[in-house]
Amino acid sequence: PPAEDASLKAQGSPANLDVAATPAEGPSSAETASTFCQGAWRESLLAQIVARDRHVEGLTPLYEQYKECKELVSRPSKRGSAAWSSLEREESVANSSGQAEESQAANAAMQETIKETAKLLRAKDAEIAALRKINQEQAEEISEKERAHAETGREATRLAQENAEKKAEISHMREQLQARSAEAERLLAEVQRLREARGGYASDGECKTWCTSEIPEMQRVAGNLQTELTCVTAAGLQGEPLPRSLVAVGTADGYVKLLDGVSGRLHAHLSVSKDLPRVVAMDLAEATGLLLAASSDQAVRLLDLRGQRLRHTLRGHRAEVSACGWLRTSDTSSAFTASADGTVKLWDVGRGQTLRSVPASAPVTAAAPHLGSGVIVVGHKGGQLSVFDPRVGEGFVAPVLLHREGKPVVGINLSPDGRQVLSLSQDGSVCCASLERMSDPRLRLEVAGPLQSSANSGLLSTPAFAPDGKHLLACGADGVHCWSAESGEIVCKHDLESPVAVCWDLAHAVSVHKDGHYYIWGSEKHK
């Protein structure tokens with residue numbers, strides 16, 4: 001075919017060249033050419049097959065050897081087995097010889113490794129022994145420290161116990177020292193009072209004698225504290241850093257304002273509590289700087305004005321406190337409180353503990369003690385007064401009606417000698433009676449009334465005796481009134497707006513007013 005002819009031509013076959021050059025002979029040149037081409041093609045194909053087989057000439061002997069080995073393995077003869085065993089022995093001997101040499105080399109290396117390992121183990125044993133020694137030393141040190149710590153703990157416990165005992169002892173000594181200091185101050189005040197009683201005036205000219213007082217004829221000092229005022233108290237012979245003559249004014253916003261009783265200047269102010277309850281009643285102790293302040297939160301607080309700190313808060317009443325005060329001049333550890341809950345309580349203010357609770361016949365709206373005897377006189381909501389003497393009785397005597405029935409008593413005071421009782425009613429009536437015969441008042445006086453109470457607190461407006469007991473002072477709805485304690489005649493009257501309380505514990509009377517004004521009064525002859 002043409003394709004095969006092309007292939008032969010591509011191979012450059014000599015037969016093709018011969019056919020092309022030789023002329024046709026025989027019967028038919030075409031048949032001859034066709035036969036010649038077929039024979040040439042076969043020869044070329046066989047030549048290609050031979051060339052191909054030339055690449056795999058060595059495979060046939062290898063395959064024959066493989067078949068023989070396979071037959072020997074599968075069906076070994078005795079001779080073959082012996083040959084095979086001999087071959088194996090030779091290989092085994094050769095292998096054993098090589099393995100012996102390798103084993104010797106390996107044994108030598110192993111011996112060297114064992115030596116190195118033993119050396120390393122000895123070094124590690126030495127390190128372990130050293131570490132054990134160090135560990136033992138540290139354990140002994142820890143044990144010693146634990147013993148020392150235990151000893152220190154026992155010593156600390158012993159010292160803490162000793163410290164607690166010392167603190168208790170120091171606290172007890174401090175209380176004793178405070179009591180002795182208070183007693184010394186009281187004695188000093190008593191001595192000073194006696195000196196002033198002889199000389200007429202104090203050596204520094206600041207304070208009059210307790211046996212002399214100035215009639216409140218004129219204003220010596222006027223000031224404005226810019227807040228609603230509720231109550232006032234005063235006392236002399238105070239020590240540093242307080243003014244010698246001290247006036248304490250309570251406010252509706254929970255503060256106590258401290259004034260110089262001579263100059264009227266504001267010395268300090270402090271709050272009775274962080275809640276700022278309304279201050280309704282106060283009593284200042286002479287020479288000690290201790291103040292009792294009753295508030296609208298049913299509590300009474302003991303304030304140290306010198307240190308400006310709270311010492312105790314006295315709680316126990318179930319209604320608003322209407323009065324508080326010291327029971328004796330010489331003892332600032334005993335005090336009383338009265339309340340609308342119908343009880344009067346006696347307190348050890350040094351410890352902040354209640355000593356007694358005495359029930360009254362009705363809610364108590366006002367009360368006052370006599371500092372010499374400790375007798376307490378209370379006023380009731382219905383206008384009655386009753387007396388309690390802690391020295392002889394367990395309760396109050398029967399109440400006596402002095403004011404108009406149903407008109408609450410808003411203030412009570414006792415004369416310096418403890419024989420007279422001065423009381424003020426909400427309707428403006430003032431009664432002065434003998435303590436022994438309260439049912440028959442010696443004087444019945446009037447101020448403008450009715451006295452208006454605050455929206456947040458009941459009205460408390462204590463009247464006052466002059467320090468010498470010769471004059472009476474009270475405030476009404478229209479101003480401040482002063483009478484003769486002997487005859488009841490009006491001595492002077494000052495028309496002022498909204499007076500709420502008066503105080504005559506110093507030589508000069510003091511009045512405070514709801515609008516924030518305060519006045520210190522004096523006489524014309526000492527102008």
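How much area does the protein chain expose, and what share of it do carbon and sulfur atoms supply? The protein chain exposes about 29900 Å², of which carbon and sulfur atoms supply 53%; accessible areas come from the Shrake-Rupley method with a 1.4 Å probe, and for residues only the protein chains shown count as cover. The model is predicted, so that local features need pLDDT of at least 70 and side-chain atom pairs count only at pLDDT 80 or more, whereas totals for chains, interfaces and linings use all residues. Residues are numbered from 1 along each chain as its sequence is written, and side-chain values use heavy atoms, with hydrogens and water left out.

The protein chain contains 5 helices and 28 strands, taken as DSSP runs numbered from the N terminus (helices H or I, at least four residues; strands E, at least two). Of its 527 residues, 39% count as buried (under 20% relative accessible area; exposed, over 50%; partly exposed, in between; 1.4 Å probe, protein chains only). Among contacts (heavy atoms within 4.5 Å) with a separation of 6 or more, 49% involve residues 24 or more positions apart.

Strand 4 (residues 255–260) is largely enclosed by the rest of the structure, because 5 of its 6 residues are buried. Strand 4 runs antiparallel to strand 3 (residues 246–251), to which 5 bridges join it; two strands pair if DSSP finds at least two bridges between them. In this pairing Val 249 stands opposite Lys 257. The hairpin of strands 3 and 4 has 3 residues between the strands, and Gly 254 takes a positive phi near 85 degrees. Strand 4 is also joined by 5 bridges to strand 5 (residues 266–271), again antiparallel, with Leu 259 opposite Leu 266. In the hairpin of strands 4 and 5, with 5 residues between the strands, Gly 264 has a positive phi near 80 degrees.

The largest nonpolar core, a set of buried Ala, Val, Leu, Ile, Met, Phe, Trp, Tyr and Cys residues joined through side-chain atoms within 4.5 Å, has 17 residues. Those with the most contacts inside this core are Val 256, Leu 258, Met 282, Leu 291, Leu 303 and Leu 305. Strand 2 (229–235), strand 3, strand 4, strand 5, strand 6 (279–284) and strand 7 (290–295) each supply at least two residues of the core, and strand 6 gives the most, with 3 residues. Leaving aside neighbours within four places in sequence, Leu 305 is in contact with residues including Leu 242, Leu 258 and Leu 291.
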